[in-house]
Amino acid sequence: MTRAADSPWAIPVAQVAQRAGQSKPIDADFPAPSGIGDAIVGVTEGEPVHLSGSMDSIVDGLILNARLSAPVHAECTRCLKPLSGPRELDVVAFFPFEDPREQRQLQGEVEIVAGEEEADDGNTYPLADSGTVTDIEALLRDNLVEALPFKALCKPDCRGLCPQCGVNLNEHPDHHHEVSDDRFAALTSFKARLEREAQGRQAGPAAE
Ligand SMILES: [Zn+2]
Ligand SMILES: [Zn+2]
């Protein structure tokens with residue numbers, strides 16, 4: 001079995017977990033986990049994600065208060081310009097000393113159903129190796145996926161691309177097409193022919 005301490009996402013916490021009121025500063029790079037977005041919007045696996053903040057112990061667990069800085073790549077949803085740069089977000093996570101399910105089993109009450117809600121409780125992550133280490137791979141993934149931009153824009157008033165030919169309208173603000181585009185010309189003459197035919201059929205005083 002691999003030890004949690006050997007993971008590139010391991011943070012040793014034995015000292016800070018000794019008693020409540022301890023604090024351990026954290027200022028380090030971790031590799032971006034896999035599965036954060038995709039090639040268009042995401043964080044490339046292995047890119048450094050910086051974590052700075054502190055791990056503090058309270059009575060029933062450890063609290064991580066930190067700022068994450070990750071190299072997020074994206075593209076403008078209107079003009080497709082590649083956008084990349086560090087994205088910063090604040091993270092608060094809780095690491096309980098005891099798994100509530102384990103504790104209940106020790107007390108002889110095996111209640112598996114009740115444990116489910118706690119596991120769903122946002123930023124709560126387990127400690128490993130008898131509470132001496134925590135692995136923040138899942139924490140990084142969860143928080144970074146949530147922070148990915150849904151609709152990135154290169155600038156708030158990006159004009160996007162010409163829907164007809166794809167020219168970037170930011171670079172060519174005066175770009176436009178003559179209305180007598182070939183396809184429109186064909187449609188116009190077709191419509192005129194239909195109208196002539198219709199008139200031909202209902203030629204008579206009743207027509208408007
Ligand atoms: Zn744009
Ligand atoms: Zn165009």
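**Group meeting: a walk through the fold**

Let's start at a turn: S3 and S4 form a hairpin, with 2 residues joining the one strand to the other. Before I go further, please keep in mind that this is a predicted model.

Those two strands are antiparallel partners, held in register by 9 bridges. If you want to find the pairing on screen, take Asp56, whose bridge partner in S4 is Ile63. Further along, His50 sits opposite Ser69 of S4.

Now let's build outwards. On the other side of S3 there is strand S2, residues 23-31, and these two also pair antiparallel, again over 9 bridges. A handy marker there is Pro31, which has Pro48 in S3 as its bridge partner. And S4, residues 61-75, is joined by 15 bridges to S5, residues 82-96, in an antiparallel pair. In that pair, look for His73, whose bridge partner in S5 is Ser84. The S4 and S5 hairpin has 6 residues between its strands, and one of the residues to click on is Leu80, which takes a positive phi near 65 degrees.

So what order do we get across this sheet? It reads S2-S3-S4-S5, an open sheet of 4 strands with antiparallel pairing. S2 and S5 are at the edges with a single partner strand each, so each of them has one side without a neighbour in the sheet. From one strand to the next, the twist averages 20 degrees.

There's another sheet, too. This one is open, has 3 strands in the order S1-S7-S6, and is antiparallel as well. Its edge strands are S1, at 10-12, and S6, at 127-128, each pairing on one side only. S6 is linked to strand S7, residues 133-135, by 2 antiparallel bridges. One of the pairs to look at is Leu127 with its bridge partner in S7, Thr134.

Stepping back for a moment, the whole protein has 4 helices and 7 strands. Reading from the N terminus, the elements go β-β-β-β-β-α-α-β-β-α-α. If we take contacts with a separation of 6 or more, 59% of them are between residues 24 or more positions apart.

The helix I'd like you to look at is H3. It lies across S2, S3, S4 and S5, and runs at about 130 degrees to S5. Which residues of H3 are buried? They are Leu139, Leu140, Asn143 and Leu144. Viewed down the helix axis, these buried residues fall within an arc of 110 degrees, so they line one face of H3. As a reminder from the textbook, an α-helix has 3.6 residues a turn, so residues three or four places apart point the same way. What covers those buried residues of H3? The cover includes S2, S3, S4 and S5.

That takes us to the core. Nonpolar side chains in soluble globular proteins tend to be buried together. Here, the largest nonpolar core has 26 residues, and Val13, Val49, Leu62, Ala70 and Leu140 have the most contacts inside it. The elements that give it two or more residues are strand S3 (48-58), S4, S5 and helix H3 (137-147). S4 gives the most, with 7 residues.

Let me zoom in on Leu62. Not counting neighbours within four places in sequence, Leu62 is in contact with Val13, Val16, Ala17, Met55, Asp56, Ser57 and Phe95. You'll recognise Asp56 from earlier, as the bridge partner of Ile63. Over the whole chain of 208 residues, 15% count as buried.

For contrast, let's go to Asp157, in the loop between H3 and helix H4, residues 182-201. Is Asp157 buried or exposed? Asp157 is exposed, because just 8 other C-beta atoms lie within 10 Å, and a residue counts as exposed at 12 or fewer. The C-alpha atoms of Asp157 and Arg78 are 9.9 Å apart, although 79 residues separate the two along the chain.

Last, how confident is the prediction? The average pLDDT for the protein is 86, and 82% of the residues score at least 70. Over residues 113-119, though, the pLDDT is below 50, and that stretch has 4 contacts in the model beyond near neighbours in sequence.

That's the tour, and I'm happy to go back to any part of it.

Note on methods
Residues are numbered from 1 along each chain as its sequence is written. Chains are lettered from A and ligands numbered from 1 in the order in which they are written. This is a predicted model: local features need pLDDT of at least 70, side-chain atom pairs count only at pLDDT 80 or more; totals for chains, interfaces and linings use all residues. Two strands pair if DSSP finds at least two bridges between them. pLDDT is the predictor's confidence in each residue, from 0 to 100. Two residues are in contact if their C-beta atoms, placed from the backbone, lie within 7 Å. A nonpolar core is a set of buried Ala, Val, Leu, Ile, Met, Phe, Trp, Tyr and Cys residues joined through C-beta atoms within 7 Å. A residue is buried if 20 or more other C-beta atoms lie within 10 Å of its own, exposed if 12 or fewer, and partly exposed in between; C-beta atoms are placed from the backbone. Axes are lines fitted to C-alpha atoms, for helices over the stretch in contact, and angles run from 0 to 180 degrees between N-to-C directions. The arc is that of the directions from the helix axis to the C-beta atoms.
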